[in-house]
Amino acid sequence: MKAAKKYWKGLVVVVAAMAMFAWACSSGNGTGSVGGSADEIIEERGLTDEDVAAAVSTYTPSGVLDEYVMFASGGHSGQVFVIGMPSMRLLKTIGVFTPEPWQGWGYGSVAQEEIFASGNAGGQDLAWADTHHPALSETEGDYDGEWLFINDKANARVATIDLRDFETKQFVKNPIALNDHGGTMVTPDTEWIIEGGQYAAPLGWEYAPLESYNDEYKGMVTLWKFDRESGRIDENASFALELPPYWQDLCDAGKLASDGWIVCNSFNTERATGVDPADPENTEPIEAGASANENDYLHVINLEKAAEVAANGGTTEVNGFPVVPLETSIDEGLLYFVPEPKSPHGADVTPDGEYIVVAGKLDPHVTIYSWDKILGAIEAGDLETDEYGVPIIPLDTAKEAQVELGLGPLHTQFDDQGYAYTSLFLDSAIARWKLGDWTLEGSIPVQYNIGHLAAAEGDTVSPDGKYVVALNKWSIDRFFHPGPLYPQNFQLIDVTNVDPDSDTNGMQLLYDMPIGMGEPHYAQIIKADKLEPWAVYPEVGWDPETQSVKADAPQAGNEGVVRDGNNVTVNMTAIRSHFAPERVEVNQGDHVTWNITNVDTSEDATHGFAMPGYNISLSLEPGETQTVEFDATQSGVFTYYCSEFCSALHLEMAGYFLVNSG
Ligand code: K7E
Ligand code: CUA
């Protein structure tokens, strides 16, 4: 603790000097400062040295850009949050599985309606999701900044987001399952996107009595093929593996040493369903039944070989989707199990691909499996099997080490100094431990009940270190609480320093960021300069669905209304501060196709197109074209207007849509 104090004293002197200097400069400019000098403010607000150091570590002056960008799951919002780091400023909420009015996401655009429809299941229109794990696309195991994927646990869907315009381009609905969990994770070149299952059910969710659980219910992992050319998941080149009815949990892709393989942890290998099939009178809560055994199974899957088997027709079909049967996986050597202690959670492959870290939820250890040893055991063969015939590699054969970290370990991330960081749900802390030495170095308390944690580039072959973010479920006393549903708490932690004399081993908490939208599970953090988003669309008349110019997009000069029988086509342009045309008249019952192009090309010159009465809300970014289609069923006078304050005469940017019943 002594050394830590000294360190902070030194830093604070520098920091205070910087602050004084900044204050002197700004007051010299006559801008002044609210509370007086930096020292006076520090004193008045009762800030400690550490507070001040933390404040200046994250303070980002106006106009200065963040070094990192975090993509956080939006949880039940079904969206993705884009957050600048270290400032922890929310930059955008990307509309994904849920309509998002500001972006006009899902409020009339024909192309977007098709995307939403493709994600529907069970005859239901879905407008919600439970997003868990975003995954950035990778090239050779490093984030490349091109694509982002995220799963919907509730409905077993995966979305594809294009990071040129930060817009959602695709949903795929898993045809064989209603829920998932181990997704999304990508292979090192983003050839495959992993979507592991969660709660076992008959594949395709057809009815089967719970008494038949052991035979009729199945687990699964789905491998979605990503096609970079088209920027879409190719559903026709994708497949799934049937698994025993254990509850598969979190997956990860092998890399470098383990490239070509994937791993998934699982729980409830007890197959508890709340009822004893042999004695239906005997009920037991699932939570008790599912944590009865000492071990569950880490699933080790040879993806490369599985893809070959699938491509060569080694599949059956469920709802038209190719599934490799469990027997085939066993015969072809695609699937192996390794025991994992006590209700595990998280399976994280180390940056070099040599080890897999599995946390023990109800066990204070993480277990580290050696990739070498796993391969050795597979090669040696002669393995016992589980009830379904899947070969089991003994824990002692595959185990490299176990490290006792604290209570409720969940997820692990990595840095550039050879440390691993594991979230401790029950202890509300992050533990730092050393790879290779397998030693706990220290832990830092977080507030409170941390789920995932995210490290800068922490899932890649070359993590950056510097920052770890704790993604906490509870905030309790950290913020003003707006009613009984509290914000969740993202906490930014500096992990640059290593100080063996401090309890936290030198890790320092920098910033609390309340997230008023939950429940975010996971996030990934990329160096901002790896992202190359467009400032405006490349050409006027751009269709974000195809990422190309739409041949018949309205352009300046060809606006107008064309009638063909009962079909009316409106070709409209939007420019500051004017829609052309400003008057559109149709007959009640006409079918209306309404094309709009924003012909503005300057940065940030977005126009909205809102038409109450017909439930239309679009956001037209510079150059963008959109089409809405509807039947003019309701007669009357409808004013359409621009819903983005785009110019001094923005309020004048409006027009009349007249539907004549005569
Ligand atoms: Cu631990 Cu869905 Cu990744 Cu939540 S899961 S925390
Ligand atoms: Cu365009 Cu306001």
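Okay, let's start at one small spot: at the start of helix 4, a side-chain oxygen of S109 reaches to within 3.4 Å of the backbone nitrogen of A111. Keep in mind that this is a predicted model. On confidence, the mean pLDDT of the protein is 93, and 95% of its residues reach 70 or more. Residues 1-33 are another story, as pLDDT stays under 50 there. Where pLDDT is low, we shouldn't read the predicted coordinates in detail.

Back to helix 4, which runs over residues 110-118. Which of its residues are buried? They are Q112, I115 and F116. Looking down the axis of helix 4, you'd find the buried residues within an arc of 95°, so they line one face of the helix. If that pattern seems odd, remember that an α-helix has 3.6 residues a turn, so residues three or four places apart point the same way. And what do the buried residues of helix 4 pack against? That would be strand 7, residues 167-173, and strand 44, residues 625-631.

Now, just before strand 7, have a look at D165, in the loop that comes after strand 6 (157-162) and leads to strand 7. Is D165 buried or exposed? Its relative accessible area is 10%, so D165 is buried. Leaving out residues up to four places away in sequence, D165 touches K92, W534, Y537, P544 and Q547. With Q547 there's a side-chain polar contact too, at 3.4 Å.

On to ligand 1. Around ligand 1 you'll see H132, H133, H181, L250, H345, H411, G451, H452, K473 and H521. Strand 4 (131-139) and strand 30 (450-455) are the elements that give two or more residues to this shell. Sorted by class, the shell has one nonpolar, eight polar and one charged residues.

Last, some backbone oddities. Most residues other than glycine have a negative phi, and most peptide bonds are trans. Here, though, a cis peptide bond joins M85 and P86, with omega about 15°. P86 sits in the loop between strand 2 and strand 3. Another cis bond goes from Q447 to Y448, with omega near -10°, and Y448 is in the loop between strand 29 and strand 30.

Then there's phi. S343 isn't a glycine, yet its phi is positive, about 45°. D604 isn't a glycine either, and its phi is about 75°. How do they sit in terms of accessibility? S343 is buried, at 6% relative accessible area, while D604 counts as exposed, at 71%.

Technical notes: Residues are numbered from 1 along each chain as its sequence is written. Chains are lettered from A and ligands numbered from 1 in the order in which they are written. This is a predicted model: local features need pLDDT of at least 70, side-chain atom pairs count only at pLDDT 80 or more; totals for chains, interfaces and linings use all residues. Side-chain values use heavy atoms; hydrogens and water are left out. Buried means under 20% relative accessible area, exposed over 50%, partly exposed in between (1.4 Å probe, protein chains only). Helices (H or I, at least four residues) and strands (E, at least two) are DSSP runs, numbered from the N terminus. The arc is that of the directions from the helix axis to the C-beta atoms. Contact means heavy atoms within 4.5 Å. A polar contact is a pair of N or O atoms within 3.5 Å; within protein, one must be able to donate a hydrogen and the other to accept it, and residues adjacent in sequence count only if both atoms are side-chain atoms. A residue is near a molecule or strand if one of its heavy atoms lies within 4 Å of it. Ala, Val, Leu, Ile, Met, Phe, Trp, Tyr, Cys and Pro count as nonpolar, Asp, Glu, Lys and Arg as charged, and the others, Gly among them, as polar. pLDDT is the predictor's confidence in each residue, from 0 to 100.
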